[in-house]
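Me: I have a new structure open and would like to understand the words people use for it. Could you take me through them step by step?

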Amino acid sequence: MTAPTTAAPGAAGCASVPARTAVRRRKLPFSPWHLLLAPLAVGFALPLVWLIISSVMSDAEINRFPPALWPHGIDLGGYRYVLGNAMFPRWFLNSCIVACVAVASNLVLGALGGYAFARMRFAGSRVLLGLMLATMAVPFQLTMIPTFLVMKWLGLIDTLGALIVPSLVTPFAVFLFRQFFLTLPRELEEAAWIDGCSRLRVLVSIVAPLARPALATVAVLTFLATWNDLSWPLIAINHDAHYTLQLGLTTFQGQHHTKWSAVMAGNVVTVLPVLVAFLCAQKTFIQSLTSSGLKG
């Protein structure tokens with residue numbers, strides 16, 4: 001007579017885990033975290049929804065108290081006012097030039113600097129890296145006057161160059177590239193060195209294609225920072241022909257009267273490029289943050 005076999009307590013516990021998970025999934029067709037994240041997402045989206053709704057309201061509806069939550073009719077007067085402004089296309093072009101040049105330079109110079117700090121050891125490299133990271137803690141208000149004096153000495157005040165040169169490369173871009181390059185195996189680069197490739201060729205041909213998440217993250221964050229910047233253009237630009245979108249929108253707000261429908265419509269047009277850029281790079285953006293040591 002054979003003795004009955006008994007399952008180990010640990011095996012029974014492990015077997016019950018999938019059963020409990022299956023029961024929970026039958027009750028909730030989605031992750032329980034969605035119960036918390038969905039209200040938060042709605043809360044973050046409300047300002048954008050209110051901006052879009054207000055852009056199709058008339059000035060009377062926007063200024064009414066209590067405010068109207070929904071327009072009685074679609075009023076595109078704000079969009080006609082913004083798009084009919086002769087300087088608006090020029091402001092849009094200026095913002096595109098500044099943002100695109102800043103993105104391209106940060107991708108190139110940031111990748112070069114990040115690769116040097118990640119793979120090359122030279123005298124004072126750690127001290128230089130620490131000093132560079134320390135500059136990230138310095139607020140813009142402290143560097144505003146020295147930057148203005150440098151731009152004035154270079155003769156770039158009241159030109160787009162005054163907006164481009166200070167944004168050519170940022171410490172954050174160099175640091176993010178360095179953190180990402182540290183996660184890549186050295187064996188790939190060593191095999192290329194054996195074949196006679198230089199460091200620059202290795203960076204361009206092997207490392208850069210693997211760093212697409214970091215490239216997308218730096219591109220999105222740089223585009224967002226330069227596109228939405230108002231304080232520095234307000235200081236460095238005087239002539240309206242060199243205004244960016246953010247600076248040009250301030251002209252719609254007068255001392256005694258503000259055309260709020262035009263302000264809302266202009267902000268919608270300004271937000272669209274940033275929103276499209278982030279949505280296109282959302283997947284690689286999250287992947288970079290989770291693989292470069294920047295996650296919380």
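Reply: Happy to! Let's start with a word we need straight away: a pocket is an open set of grid points with protein on both sides within 12 Å along at least five of seven lines. Keep in mind that this is a predicted model. Its largest pocket has a volume of about 870 Å³, and among the 29 residues that line this pocket, F140, T143, P166, S167 and T170 are the closest to its centre.

Me: What makes a residue part of the lining, and which helices supply at least two residues each to the largest pocket?

Reply: A lining residue has an atom within 4 Å of a point of the pocket. For the largest pocket, α5 (88–119), α7, α9, α12 and α13 (231–236) each supply at least two such residues. The largest share is that of α12, with six residues. By class, the lining has 17 nonpolar, 11 polar and one charged residues.

Me: How many residues of each class line the second largest pocket?

Reply: Here the count is six nonpolar, no polar and no charged. You can check this by name: L48, V271, V274, L275, F278 and L279 line the second largest pocket, and Val, Leu and Phe count as nonpolar. Helix α15 (residues 260–280) gives the largest share, five residues. The volume of this second largest pocket is about 150 Å³.

Me: Now the helices. Why are α9 and α12 called roughly antiparallel?

Reply: The axes of helix α9 (residues 171–182) and helix α12 (residues 212–227) cross at roughly 165 degrees and come within 10 Å. Angles over 145 degrees count as roughly antiparallel, and α9 and α12 are therefore roughly antiparallel to each other. The crossing in which α9 passes α12 is right-handed.

Me: How do you know that α9 and α12 meet?

Reply: Contact means heavy atoms within 4.5 Å. On the α9 side, F172, A173, L176, F177 and F180 take part, and they meet P213, A214, L215, T217, V218 and L221 in α12. This contact has 10 nonpolar, one polar and no charged residues.

Me: What makes α11 roughly perpendicular to α12?

Reply: Again, set the angle against the cut-off. The axes of helix α11 (residues 199–210) and α12 cross at roughly 75 degrees and come within 5 Å. The range for roughly perpendicular is 65 to 115 degrees, so α11 is roughly perpendicular to α12. The residues that meet are A208, P209 and L210 in α11 and R212, P213 and L215 in α12. They divide into five nonpolar, no polar and one charged.

Me: And why is α5 called roughly perpendicular to α10?

Reply: The axes of α5 and helix α10 (residues 186–194) come within 13 Å and cross at roughly 95 degrees. With 65 to 115 degrees as the range, that makes α5 roughly perpendicular to α10. In this contact, Y115, A118 and R119 in α5 meet R186, E189 and W193 in α10. The classes here are three nonpolar, no polar and three charged.

Me: One last thing: what is the phi of D158, and where is D158 found?

Reply: D158 has a positive phi of about 65 degrees, although D158 is not a glycine. Most residues other than glycine have a negative phi. You can look for D158 in the loop between α7 (140–153) and α8 (161–164).

Terms used:
Residues numbered from 1 in each chain as written. Predicted model: local features only at pLDDT ≥ 70, side-chain atom pairs only at ≥ 80, totals over all residues. Heavy atoms only, no water. Axes fitted to C-alpha atoms, helices over the stretch in contact; angles between N-to-C directions. Helix = DSSP H or I, 4+ residues; strand = E, 2+ residues; numbered from the N terminus. Parallel < 35°, antiparallel > 145°, perpendicular 65-115°, else oblique. Left-handed = near helix turned anticlockwise from the far one by under 90°. 1 Å grid on protein atoms, 1.4 Å probe; cavity = no way out; pocket = protein on both sides within 12 Å on 5 of 7 lines; lining within 4 Å. Points joined across faces, edges and corners; volume = space filled by probe spheres on them.
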